[in-house]
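Thanks for coming, everyone. I'll put the structure up and walk through a few spots. Please keep the sequence in view.

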Amino acid sequence: MSRESSDSKPIAEVRVGPDLFHALCWVASALAVATLAWIIYEIVTSAWPAIQKFGFGFLGSSSWVPNREVFGVFPFIVGTVASSFIAILFAFPLGLAIAIFLSENFLPAPVRQVIRFVVEMLAAIPSVVFGLWGIFVVIPIIKIFGDWAVKNLGGVPIFSGPAYGNSMLTASVVLALMILPTVTAISRNALTAVPKTLREGAYALGATRWEAILGVILPTAAPGVVAATILALGRAMGETMAVAMLIGNSSRLSWSLLSPGGTLAGLLANQFGEAEGLQVNSLMYAALILVVITLFVNVLGELVLRYTQSQTAGIR
Amino acid sequence: MTEDAARSSATQTPGRPDFLTVRNFDFFYGKKQALFDINMDIPEKRVTAFIGPSGCGKSTLLRNFNRMNELIEGVHYSGDIKLLGQSIYNKEVEVIALRRSIGMVFQKSNPFPKSIYENIVYGLRISGEKKKSVLDEAVERSLRGAALWDEVKDRLHESALGLSGGQMQRLCIARAIANRPKVLLMDEPCSALDPIATVKVEELIHELKQEFTIVIVTHNMQQATRCSDKTAFFYLGKLIEYAETQKIFSNPGQKQTEDYITGRFG
Ligand SMILES: Nc1ncnc2c1ncn2[C@@H]1O[C@H](COP(=O)(O)OP(=O)(O)OP(=O)(O)O)[C@@H](O)[C@H]1O
Ligand SMILES: [Mg+2]
């Protein structure tokens, strides 16, 4: 009898913990979902007049003239996508290279630790600081490069002049640096998750280190690296402050990377303060488009990441 | 002189008795010594089994034969290991070439996340083989050699990860023999397999010793008796006894060996 009661008591105590914890988790997750739904609801209701007036034409139209109440965001969609893709073009090779060096033992462990810390610290720098750094450091360099490029490569549409400091290229270079930690960290995780047995298998067949990396380790980690890239792309698309400070915020479309451009996030940051009437509705419509694009990209990235994890779980 | 000895013994045995030799071999993981003064001759085209309690250094010695231990930081050794009379530590022996001539099968099967075909030709591809006819021939020969051909011949280009555990292990054996190695090292190749798959691999070992010198680590005494010609018993990093398998199991020379094989051991 007495033993029975002393047995059941701790069980009862143990059960209270997880139940309470479960409940808290449910509340927290429900709150997160509710917040997202609420944000989207708010955006849709404030955008509604603009949605009714412009419909899908809003996405394809290139004129944004507030005092004539003509609004279209095509150049900003293009700018958002282009600046992010160009940023990925810079950040992907660099981030992957760093991730490979961090996950292999080319360098002594303390050195790797320092590099990893420095790259991860980049993620902690506020956007506005990146923007300032871009103004004082990147713009002068891009100007020199731009003048040179226009003179020597001007025939190529993406380098046609005149070269501006505040340009698509400047914004993309700074964006690349901002998303570098995302690319590096997720790629590094994917690489270190490659089972040790696979490396050993490759070495035992006479592979050199680079053959093992390129032929076995990278292909095994590839889905994770792809996920890293997609998530970084999502981050680049939503990035606001630094881009707004550097891209020049022009609604004129241009093939040249040396010309100013604009992004959806930059448009919102620049105009929302002084907007009124239909302009507010149109900005909210632009915000809705941005949310849909970034949500889509992030969900895609998460799905690829999930898929990767389920794949590598099978071979561990 | 050794040449002569090898030739004369070759008339009685299937191959050289000193195909792979270990002399005064000590091995250290950092400060921790894992092997103490090992001396042994492993005969050609025979199966040699390594037995002994967990942590006694079986894998460590096995992984020295193809210098896999060098991938671990801070290891060092003294003494020598020779393959066909040449030190594997000789400066002129490239570790890459050594590993191509010594195949290894691991405890946990480790197919690459590629197709069955690509798994098998991996070793050939990295050694520069490009001819499709050569690769195709190697795939069929290795899969037949590993008794897997009939089961997978229609799905060579499907992922190797879709195979069963036993099939994956035989695929890894096929991959190891595709390079036509001189020696095949197997570290507990059946420990993750069910009895039927185990029997298949054991039968395979019988077949493979026609062509390869095999060293197998096993915890299964029956397996050692069933498929090995010679058995080495290790304990605490020392080679306690090394003799014909039949002798080890019927009439062990050492008390420790007897205790271990009769299961009277901790
Ligand atoms: N990478 C390593 N670093 C340090 N010590 C190691 C390492 N690998 C093995 N050892 C040590 O070396 C000794 C021999 O290990 P080894 O793996 O060779 O044993 P084993 O006989 O294969 O055992 P098991 O039957 O469990 O596989 C053990 O004491 C082990 O702890
Ligand atoms: Mg072992």
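Start at helix α5 of chain B, residues 132-145. Both E137(B) and R141(B) sit in that helix, four residues apart, so about one turn. Their side chains meet in a salt bridge, 3.5 Å from N to O. One caution before I go on: this is a predicted model. How exposed are the two partners? E137(B) is partly exposed, because its relative accessible area is 40%, between the 20% and 50% cut-offs. R141(B) is also partly exposed, with a relative accessible area of 22%.

Now chain A. Helix α4 covers residues 109-122 and holds both R116(A) and E120(A). Again the spacing is four residues, about one turn of the helix. The side chains of R116(A) and E120(A) form a salt bridge, 3.3 Å from N to O. R116(A) counts as partly exposed, at 28% relative accessibility. E120(A) counts as partly exposed too, at 36%.

Back to chain B for another pair. D150(B) and K153(B) form a salt bridge, and their closest N and O atoms are 3.6 Å apart. D150(B) is exposed, because its relative accessible area of 58% is over 50%. K153(B) is partly exposed, at 38%.

Some charges join up beyond pairs. Which residues form a network of salt bridges with E104(A)? The partners are R199(A) and R209(A). Over all chains, the structure holds 20 salt bridges.

Next, a charged residue without a salt bridge. D26(B) lies in strand β1 of chain B, residues 20-29. Is D26(B) buried or exposed? D26(B) is buried, and it has no salt bridge. Side chains of opposite charge can pair when their charged atoms come close. For D26(B), the nearest side chain of opposite charge is K238(B), and that is 9.2 Å away. A salt bridge needs the nitrogen within 4 Å of the carboxyl oxygen, so K238(B) does not make one with D26(B).

What does D26(B) have instead? A polar atom of its side chain lies 2.6 Å from the backbone nitrogen of D37(B). D37(B) is also among the residues that D26(B) touches, leaving aside those up to four places away in sequence. The others are Q33(B), L35(B), F36(B), H76(B), Y77(B) and S78(B).

Now the ligand. There are 13 residues around ligand 1. Which of them come nearest? They are S54(B), G55(B), S59(B), T60(B) and H219(B). Two elements of chain B, β2 (32-42) and α2 (58-65), each supply at least two residues of the shell. α2(B) gives the most, with three residues.

Look at the polar atoms here. In S54(B), an N or O atom of the side chain is 2.4 Å from an oxygen atom of ligand 1. In H219(B), an N or O atom of the side chain is 2.6 Å from an oxygen atom of the ligand. Y29(B) has a polar side-chain atom 3.4 Å from a nitrogen atom of ligand 1. How much of the ligand does the protein cover? The protein covers 65% of the 630 Å² of accessible area that ligand 1 has on its own.

Last stop, chain A again. I141(A) is in helix α5 of chain A, residues 127-153. I141(A) is exposed, with a relative accessible area of 54%. From I141(A) to W26(A), the separation is 115 residues in sequence and 51 Å in space, C-alpha to C-alpha.

Definitions and conventions:
Residues numbered from 1 in each chain as written. Chains lettered and ligands numbered in written order. Predicted model: local features only at pLDDT ≥ 70, side-chain atom pairs only at ≥ 80, totals over all residues. Heavy atoms only, no water. Buried < 20%, exposed > 50% of the residue type's maximum accessible area, 1.4 Å probe, protein only. Lys, Arg positive; Asp, Glu negative; His and termini not counted. Polar contact = N/O pair within 3.5 Å; in protein donor to acceptor, adjacent residues only side chain to side chain. Contact = heavy atoms within 4.5 Å. Near = heavy atom within 4 Å. Areas by Shrake-Rupley, 256 points an atom, 1.4 Å probe, with all protein chains shown as cover.
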